[in-house]
Amino acid sequence: MRRFSAWVDLFLVLALFNEAPWAVRSSSHCQQTSSGVIRPHSVTITEFGAVSDGRTLNTKAFQNAIFYLNSFTNNGGAQLFVPAGRWLTGSFELISHLTLLLDKDAVILGSTNSADWPVVDPLPSYGRGRELPGGRHRSLIYGCNLTDVIITGDNGTIDGQGSVWWNWFKSETLDFTRPHLVELMNSTGVVISNLTFLNSPFWTIHPVYCRQVIVQNVTIIAPLNSPNTDGIDPDSSDDVCIEDCYISTGDDLIAIKSGWDEYGISYARPSSNIVIHRLVGETQSSSGIALGSEMSGGISEVRAENLQFFNSKIGIRIKTSPGRGGYVRNIYISDVTLTDVNIAIRFTGEYGEHPDEFYNPNAFPEIEKITIKDVTGKHIKVAGLLEGIKGDDFFNICLSNITLSVTSDLLWNCSYVQGYSELVCPETCEPLKKSIFPEHQSDCYHLSNHLHSLANQNRGA
Ligand SMILES: *[C@@H]1O[C@H](CO)[C@@H](O)[C@H](O)[C@H]1NC(C)=O
Ligand SMILES: *[C@@H]1O[C@H](CO)[C@@H](O)[C@H](O)[C@H]1NC(C)=O
Ligand SMILES: *[C@@H]1O[C@H](CO)[C@@H](O)[C@H](O)[C@H]1NC(C)=O
Ligand SMILES: *[C@@H]1O[C@H](CO)[C@@H](O)[C@H](O)[C@H]1NC(C)=O
Ligand SMILES: *[C@@H]1O[C@H](CO)[C@@H](O)[C@H](O)[C@H]1NC(C)=O
Ligand SMILES: *[C@@H]1O[C@H](CO)[C@@H](O)[C@H](O)[C@H]1NC(C)=O
Ligand SMILES: *[C@@H]1O[C@H](CO)[C@@H](O)[C@H](O)[C@H]1NC(C)=O
């Protein structure tokens, strides 16, 4: 019997890794597609006249260097090296088969003049800029239609100097939606690693319509009160692996998205196969991991494990709304440690925020098969605030092995959700009280037999 269950476990493990196409190598869960690549040709930004005084604008130098390197893309690609120093620049565009390599003491600084961040078309899956109608400022580091791009360094720094943008946002003097710090669009084979990102004007790292993206060993920091400075937002992208990151910002640390209302529904590009491992961070106004609120193209097959959030408003969050359509399904979040977090788990079914009046209020999202397990929390104010949508219950919500020390009287408050639970303390709300084992295990996404036997032992004890 023991032997049999070991085989079942092995089978489950294999099934999991089969689903996500990442090779298992040492302790990394990301398949190293292109890091370690040696580019046969390399130049240094100073060869193109760049000046590292932190005041001279170097946009032209970056553009010229990359234009020059364009002739090497078909010969193994090329590397642009940024040495120690403070390099001020406006937005510039990457090319395929390029490594942008920063020295450990290199700091790329974003220009504080909005004219250095050109305005580009809105994303088709959003129909308009996220905060204002019309176009949006292009990110500081931008790439579209690329393959095999590496942005890396020995913990060098990319600083968006976003405070000017946050002030324009607060004083409502922006003409267009704020830019991201790094955006890769419609690209395959992207590695962003070993860097520190500071003070993004808006979301920090935004892969959109991409596949095979790795974000590894990065530090992302912005003031806790800076507006919408999300850490990493995989958007309508698949095969994304995020590992060993420390993020402390003014909005969601990682938010998985896939387009907005009627635009996202018609663009129909989901986010799937998203793997997150070893994420540590804090966010005083938002969540550690969020799904949505833009999820109209669908979000599925997400595995997030080994997460530590502290000093934060929310641990795990799903945000959606009637009008979004789409789905969030097959989500597995496990091994979570929360410390000083207001709400451990929050679902918001009526998030609102529509791009315009043309959304379809009857486009209901489908939220199902959400497994959250192995969570411990200290100094939690509210265990769970789980609000689905009237007439559109979130279902097969499975909570397992969750132990929270809650400081307020409000433990769980649930509406329009259905599901199952096992070993949850404090005891969960009525709609989730039915136990997972034995008969509802298959309604839950990816619960292994291992827990089943432990739960049985517990009952027996
Ligand atoms: C990306 O490719 C599409 C289709 O070929 C093209 O229309 C678009 O202009 C390209 N975008 C950029 C920024 O090169
Ligand atoms: C993370 O980055 C630092 C500095 O960039 C480096 O020393 C360290 O080896 C990296 N760790 C991993 C796991 O890549
Ligand atoms: C990289 O630099 C940041 C900011 O200086 C620091 O907080 C972080 O610990 C460093 N990361 C590594 C892996 O050395
Ligand atoms: C993405 O690239 C494909 C071709 O590779 C192109 O047909 C499509 O228009 C591009 N989409 C965008 C948004 O650039
Ligand atoms: C990060 O840096 C470490 C130490 O230099 C290196 O071993 C590793 O390959 C780098 N990771 C990536 C993904 O570039
Ligand atoms: C419950 O979760 C904790 C981590 O929060 C873990 O150490 C423990 O092994 C889990 N228990 C069971 C029965 O799986
Ligand atoms: C529980 O949530 C509902 C909305 O979903 C709210 O109306 C109600 O006041 C909450 N109950 C408590 C005790 O906070």
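**Exercise 1. Work out which way the residues of strand E16 point, and which strand pairs with E16.**

Ile205 and Pro207 point one way from strand E16 (residues 205–208), while His206 and Val208 point the other way, and all are buried. Here, buried stands for 20 or more other C-beta atoms within 10 Å of the residue's own, with C-beta atoms placed from the backbone. Strands (E, at least two residues) and helices (H or I, at least four) are DSSP runs, numbered from the N terminus. A short note before going on: this is a predicted model, in which local features need pLDDT of at least 70 and side-chain atom pairs count only at pLDDT 80 or more, whereas totals for chains, interfaces and linings use all residues. Residues are numbered from 1 along each chain as its sequence is written, and chains are lettered from A and ligands numbered from 1 in the order in which they are written.

Step 1: In a regular strand the side chains alternate between the two faces of the sheet.

Step 2: Look for the partner. Four bridges join strand E13 (residues 182–185) to E16, and the two run parallel; strands pair if DSSP finds at least two bridges between them.

Step 3: Match the residues. Val182 has Ile205 as its bridge partner in E16, and Leu184 stands opposite Pro207.

**Exercise 2. Place E16 in its sheet: which strands stand at the edges?**

Step 1: Write down the order. The open sheet has four strands, E5-E10-E13-E16, with parallel pairing.

Step 2: Read off the ends. E5 and E16 each have a single partner strand and stand at the edges, so one side of each is left without a neighbour in the sheet.

**Exercise 3. Trace the pairing around strand E12.**

Step 1: Strand E7 (residues 106–110) and strand E12 (residues 156–159) run parallel and are joined by three bridges. Leu109 has Asp159 as its bridge partner in E12.

Step 2: E12 is also joined to strand E15 (residues 195–198), by four bridges and again in parallel. Thr157 stands opposite Thr196 in E15.

**Exercise 4. Find the buried face of helix H2 and what covers it.**

Step 1: List the buried residues. In H2 (residues 59–69) they are Ala61, Phe62, Ala65, Ile66 and Leu69.

Step 2: Look down the axis. These residues fall within an arc of 125°, so they line one face of the helix; the arc is that of the directions from the helix axis to the C-beta atoms.

Step 3: Find the cover. It includes strands E1 (41–44), E3 (78–82), E4 (85–89), E5 (92–93) and E6 (98–102).

**Exercise 5. Describe the surroundings of Leu432: is Leu432 buried or exposed?**

Step 1: Locate Leu432 in the loop between strand E28 (417–425) and helix H5 (449–460).

Step 2: Count. Leu432 is buried, because 22 other C-beta atoms lie within 10 Å.

Step 3: List the contacts (C-beta atoms within 7 Å). Not counting residues up to four places away in sequence, Leu432 touches Ile397, Leu399, Cys414, Val417, Gly419, Tyr420 and Ser421.

Step 4: Check the chain separation. Leu432 and Cys398 are 34 residues apart along the chain, and their C-alpha atoms are separated by 7.6 Å.

**Exercise 6. Name the residues that surround ligand 4 and ligand 7.**

Step 1: Around ligand 4 are Cys144, Asn145, Asn186 and Tyr209, each with its backbone-placed C-beta atom within 6 Å.

Step 2: Ligand 7 is surrounded by Glu387, Leu410, Asn413 and Ser415.

Terms used: A residue is buried if 20 or more other C-beta atoms lie within 10 Å of its own, exposed if 12 or fewer, and partly exposed in between; C-beta atoms are placed from the backbone. Two residues are in contact if their C-beta atoms, placed from the backbone, lie within 7 Å.
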